[in-house]
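Q: I have just opened this one and would like to be walked through it. Could you take me round it step by step?

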Number of protein chains: 2
Amino acid sequence: MASPPTCLSSVAHRTIRRTCVNCALSELCVPVGLDQKDMERLDQLVDRQQPLPAHAHLCRIGERFSTLYAVRSGCFKSYRMDREGRERVLAFHLPGELMGLDAIYPGVYQSNIVALDVGGVCALPYNDLSRLAAQIPRLQEQIFRLLSKDLSAYAWLGGDHSAEERVAGFLLDLSNRYRERGYSDRVFNLAMPRRDIANYLRLATETVSRIITRFERQGLIRTERREVQLLDLEGLNERANHCLQVTG
Amino acid sequence: MASPPTCLSSVAHRTIRRTCVNCALSELCVPVGLDQKDMERLDQLVDRQQPLPAHAHLCRIGERFSTLYAVRSGCFKSYRMDREGRERVLAFHLPGELMGLDAIYPGVYQSNIVALDVGGVCALPYNDLSRLAAQIPRLQEQIFRLLSKDLSAYAWLGGDHSAEERVAGFLLDLSNRYRERGYSDRVFNLAMPRRDIANYLRLATETVSRIITRFERQGLIRTERREVQLLDLEGLNERANHCLQVTG
DNA sequence: TCGCGAAATTGACTTGCGTCAAGGATGCAT
DNA sequence: ATGCATCCTTGACGCAAGTCAATTTCGCGA
């Protein structure tokens, strides 16, 4: 794996000409395993968009699907509205992850995707990507894998875990994903408010708050607003019943 | 769509030489949209296995992944065991549906798949399928779509629906899937015991039983053991809060 | 036909989590 | 600084669904 960036934003800004080839995320993102020649072909169809301001939407439910988005920096949230107009958070997306995959089947976006903070994305025109995938077996394979990976993540959310298991699992999942990206797996910032965490875990905000306090009293974690420090990974693992979301 | 078969088992047995080309499920399964020539190429890699007896396992968690399975007849169930050894049903699979997709990413089966009754499957060697998909864009596209479709199905299970919403949604989802396959969407048999339904919906068996009784008293359905008749689709839709699982 | 075990139903009781409500902390605009 | 809005936390209470337990029904083999 390439040497990790020191902070997320540096990934996007320190290079003059940003390409997949020199992107620190290439080992987590679509181009996994491509050689330089193929990466350059992929590069040509990638549209590196302007950074988005916080709370800007990337796409909305019902819009015609044409592009997948890869997170370059920041954290994104995808969500739907249910019949009563209540928000349902489906996923949080960290750098290197692909968004919009659930829109492929119906051809229409199935979720709203919004930047939780300033964030950058690469837009991947689906038809072009699909065509290229047919020419580069390794790329096709990687897209299959990314789709398959999301299945496991969704399956976790579907399990009937207790509130404690959910919160512990959520923290450990983030921890793993940050580690994969070269950041600390013990200290990190929650990009999303408690309300979004609770909604994602299908719990009440108050329940999440209470459990975080409980974990803190039990010496498992320390928190200071959005900043979290995991003190006892083994203990958290026990609370999560050892069933993490996706173990990379 | 081809004229529907009159009963599920006839699909598998009435032809001498069974191929994708003459399979009644080809419009629901992997070969959607392929012309006859491409379908014949697909056909060559399909291994039409012996019918499986009830409760026979197709694969087990942890086994090395090498083949996807398509349901030809019967109904299958995929499930995991959690830490405490309790079963977690992940999905039921009807004819034409693809199983094992979540194993692509890790390369190891993520769930046990078992026949609920006698049932037949087509085995699709993943590497061969993947190679062929690179040569037939329409096939690659269809695999992307099937993977994407499963994402939406899993997302429904993840929502925090009430017990009533879950049961109503489950019945309507089955209804839709049976209709797609050319069977009655009002009268059908539940291939799975209540326990499996409850487990799939993350409810207690007793809760499912109570809600079925309630729906029956309200004149929404009639049941006779495993046989179900949907009397009031609109009423069920209201109980499900109008959010069906996947609307084909 | 009988008898056994599994599946399904129903009732009584318990509980985890949601809801409601209040209070504190933080950040931003004026 | 001051006021205001948002976020987070904490407590009191209620309810939906789980658990426990008893009964009925069904399927199947002897």
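A: What follows goes from the contact of the chains to the DNA, and then to the helices and the sheet. Please keep in mind throughout that this is a predicted model.

Q: OK, how many residues does each chain put into the contact?

A: Chain B brings 34 residues and chain A brings 33 residues to the contact. On the side of chain B that touches chain A, two or more residues come from each of strand 5 (87-93), helix 3 (126-135) and helix 4 (137-158) of chain B.

Q: And which element of chain B gives the most there?

A: That is helix 4 of chain B, which gives 16 residues to the side of chain B that touches chain A. By class, the residues on that side of chain B are 15 nonpolar, nine polar and ten charged.

Q: How are the two copies related?

A: A turn of 180 degrees, with a shift of 0.0 Å along the axis, lays chain B on chain A with an RMSD of 0.0 Å. The two copies are therefore related as by a two-fold rotation axis. Both copies use the same surface, since 97% of the contact residues of chain B recur in chain A.

Q: Switching to the DNA, which residues come nearest to DNA strand D?

A: There are 19 residues around DNA strand D, and those that come nearest are A:P193, A:R194, A:T213, B:S162 and B:T207. Helix 7 of chain A gives the most to the surface near this strand, with six residues, and that surface has five nonpolar, six polar and eight charged residues by class.

Q: Helix 7 of chain A again, then: at what angle does helix 5 of chain A pack with it?

A: Helix 5 (residues 163-180) of chain A and helix 7 of chain A pack at an angle of about 75 degrees, and their axes are 10 Å apart. The two helices of chain A are therefore roughly perpendicular to each other. Helix 5 of chain A makes the contact through A:A163, A:E164 and A:V167, while helix 7 of chain A uses A:T207, A:V208, A:I211 and A:I212.

Q: Last topic, the sheet: what is the order of the strands in chain A?

A: The order is 2-7-4-5 in an open sheet of four strands in chain A, with antiparallel pairing. Strand 2 (57-59) and strand 5 (87-93) of chain A are the edge strands, each pairing on one side only.

Q: How many bridges join strand 4 and strand 7 of chain A?

A: Strand 4 (residues 76-81) and strand 7 (residues 112-115) of chain A pair in the antiparallel sense over four bridges, and A:S78 has A:I113 in strand 7 of chain A as its bridge partner.

How values were computed:
Residues numbered from 1 in each chain as written. Chains lettered and ligands numbered in written order. Predicted model: local features only at pLDDT ≥ 70, side-chain atom pairs only at ≥ 80, totals over all residues. Contact = placed C-beta atoms within 7 Å. Nonpolar A, V, L, I, M, F, W, Y, C, P; charged D, E, K, R; others polar. Least-squares fit on C-alpha atoms with pLDDT ≥ 70 in both. Near = placed C-beta within 6 Å. Axes fitted to C-alpha atoms, helices over the stretch in contact; angles between N-to-C directions. Parallel < 35°, antiparallel > 145°, perpendicular 65-115°, else oblique. Pairing = 2+ DSSP bridges.
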